[in-house]
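Load the model in a viewer and keep the sequence panel open. The stops below give a selection each time, followed by what is found there.

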Amino acid sequence: MVQHRPLTLLLPLLLCLSFAQISAEHQGGNIHVYVTYPDDRVPGGQLRVVLISGSNGDAIGEMFTNDRGEATFLNVAIGNYHVSVSGDGIQAIQSDTFQVDERKVTQSILVRVQPAAANGNANATKADDSTVSVSDLKVPKKASQEFDKATKLIAKQEWQKAIEQLNKALALYPANVQAYNNLGVVYARLGDAAKERDALQKATAANEHFAPALVNLARLEIREHNFAAAEADLTKAVAADPMDVRTLTLLAQAQLLDVHYEDAIASARKVHALPHNSYALVHYVSARACERLHRLSEAVSELGLFLSEEPTGERASAARQEMAAIQQQLR
């Protein structure tokens with residue numbers, strides 16, 4: 001019978017590297033898309049806005065515009081993107097490519113659309129088709145203006161002023177989940193975990209299905225080694241957006257750390273079934289879970305998948321050492 005060996009030092013190394021990846025994602029940014037006609041009028045109804053990766057053309061996220069022609073994507077990883085806008089009453093269009101980097105915490109993208117041909121379908125998209133929080137559709141104009149001011153301050157990394165503006169927005173409309181989420185992100189930048197937690201918990205209390213706040217709260221809980229809470233929050237986030245590979249990968253990590261090995265393997269397989277460029281790490285998570293379950297051949301297979309998707313770098317070197325050690329046991 002093959003004996004299961006103790007955990008090696010490679011586990012802390014690779015998990016350390018994976019949490020560095022989580023931190024890097026946290027250093028992405030927010031994208032506010034504004035859709036108007038050429039004369040600055042806001043199109044009627046709700047328009048579908050899809051965020052698309054510039055590296056591989058994968059759809060990263062989808063939102064619908066609110067009554068001000070706005071759609072927001074939060075915590076977008078560093079990289080190049082463009083958006084496509086479509087819907088009843090307009091001609092579909094794609095924006096130019098733009099970049100999310102560490103200097104652009106929040107940025108605004110203006111997309112001007114043309115009315116559809118006269119014989120086109122002018123029916124508005126149903127409100128219940130939208131992935132925008134219902135509370136966001138009801139934000140009063142003054143509260144929205146304060147939120148927009150905060151967005152500009154965040155883009156300039158003027159954190160304390162951004163906090164003041166977000167609090168003004170929340171005083172005018174306390175149910176604005178995006179304002180609470182952004183407040184949590186700002187406190188994270190300032191290293192104030194207590195206030196970060198408070199803001200994110202208020203966001204999830206206002207809308208328990210708001211995935212960005214659930215993911216941000218889970219990241220905080222992982223940093224604090226509260227893996228059970230992180231797993232619970234990420235499970236809710238995945239339920240709200242089952243196709244988000246970043247959230248699924250983070251859930252697999254939390255499940256591994258929370259000693260739910262079968263669940264970690266199941267989440268990893270869901271990621272593998274989806275386009276998952278830059279998320280090779282999920283195969284290492286699955287390999288570690290397989291190893292803890294004494295399924296060493298499966299662990300080797302998962303490490304092989306990891307290396308096929310990420311063949312170079314520090315994590316690849318560590319994975320090769322891990323793979324060689326397991327293969328030695330199987331002989």
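**Strand S5 and its partners**

Start by selecting Tyr81 in S5, whose bridge partner in S7 is Phe98. Helices and strands here are DSSP runs numbered from the N terminus, with at least four residues for a helix (H or I) and at least two for a strand (E). Residues are numbered from 1 along each chain as its sequence is written, and this is a predicted model, in which local features need pLDDT of at least 70 and side-chain atom pairs count only at pLDDT 80 or more, while totals for chains, interfaces and linings use all residues. Side-chain values use heavy atoms, with hydrogens and water left out.

Extend the selection to S5 (residues 79-86) and S7 (residues 98-100), which pair in the antiparallel sense over three bridges. Two strands count as paired if DSSP finds at least two bridges between them. Strand S5 is mostly covered, with six of its eight residues buried. Buried means under 20% relative accessible area, exposed means over 50%, and partly exposed lies in between, with a 1.4 Å probe and protein chains only.

Next, add S6 (residues 93-94), which pairs with S5 in the antiparallel sense over two bridges. Here Val85 stands opposite Ile93 of S6. The hairpin of S5 and S6 has six residues between the strands, and Gly87 in this hairpin takes a positive phi near 155 degrees.

Then select S2, which forms an antiparallel pairing with S5 over six bridges. To find a matched position, pick Val50 and go to its bridge partner Ser84 in S5.

**Salt bridges**

Which residue meets Arg48 in a salt bridge? Show the side chain of Glu62: the N to O distance is 3.1 Å. A salt bridge is a side-chain nitrogen of Lys or Arg within 4 Å of a carboxyl oxygen of Asp or Glu, and the count by this rule is 15. Arg48 belongs to strand S2 (residues 48-53) and Glu62 to strand S3 (residues 59-64), so this pair ties together parts that are 14 residues apart in sequence. Arg48 is partly exposed at 34% relative accessibility, and Glu62 is partly exposed at 32%.

Move to Lys149 and Glu146, whose side chains form a salt bridge at 3.8 Å, N to O. Both residues are in helix H2 (residues 141-155), three residues apart, which means a separation of about one helical turn. Lys149 is partly exposed at 42%, whereas Glu146 is buried at 7%.

For a network of salt bridges, select Glu262, Arg269, Arg295 and Glu298 together.

**Arg288 and its acidic partners**

Select Arg288 and Glu291 in helix H10 (residues 281-292), where they sit three residues apart, about one turn of the helix. Their side chains meet in a salt bridge with an N to O distance of 3.0 Å. Arg288 is buried, with a relative accessible area of 2%, and Glu291 is buried, also at 2%.

Now add Glu322, found in helix H12. A polar contact of 2.7 Å joins its side chain to that of Arg288; such a contact is a pair of N or O atoms within 3.5 Å, where within protein one must be able to donate a hydrogen and the other to accept it, and residues adjacent in sequence count only if both atoms are side-chain atoms. Glu322 is buried at 2% relative accessibility.

**Nonpolar cores**

Select Leu234 and Leu303, which touch the most other members of the largest nonpolar core, a set of 42 residues. Helices H6 (211-223), H7 (227-240), H8 (245-257), H9 (261-272), H10, H11 (296-309) and H12 (314-330) each give two or more residues to this core. A nonpolar core is a set of buried Ala, Val, Leu, Ile, Met, Phe, Trp, Tyr and Cys residues joined through side-chain atoms within 4.5 Å.

Centre on Leu303: leaving aside neighbours within four places in sequence, Leu303 is in contact (heavy atoms within 4.5 Å) with Tyr284, Ala287, Ala319, Glu322, Met323 and Ile326. A second, separate core has 24 residues, among them Ile154, Ala199, Ala213 and Leu220.

**Two loop residues**

Finish with Val259, placed in the loop between H8 and H9. Its phi is near 65 degrees, a positive value in a residue other than glycine. His294, in the loop between H10 and H11, also has a positive phi near 65 degrees. His294 is exposed at 52% relative accessibility.
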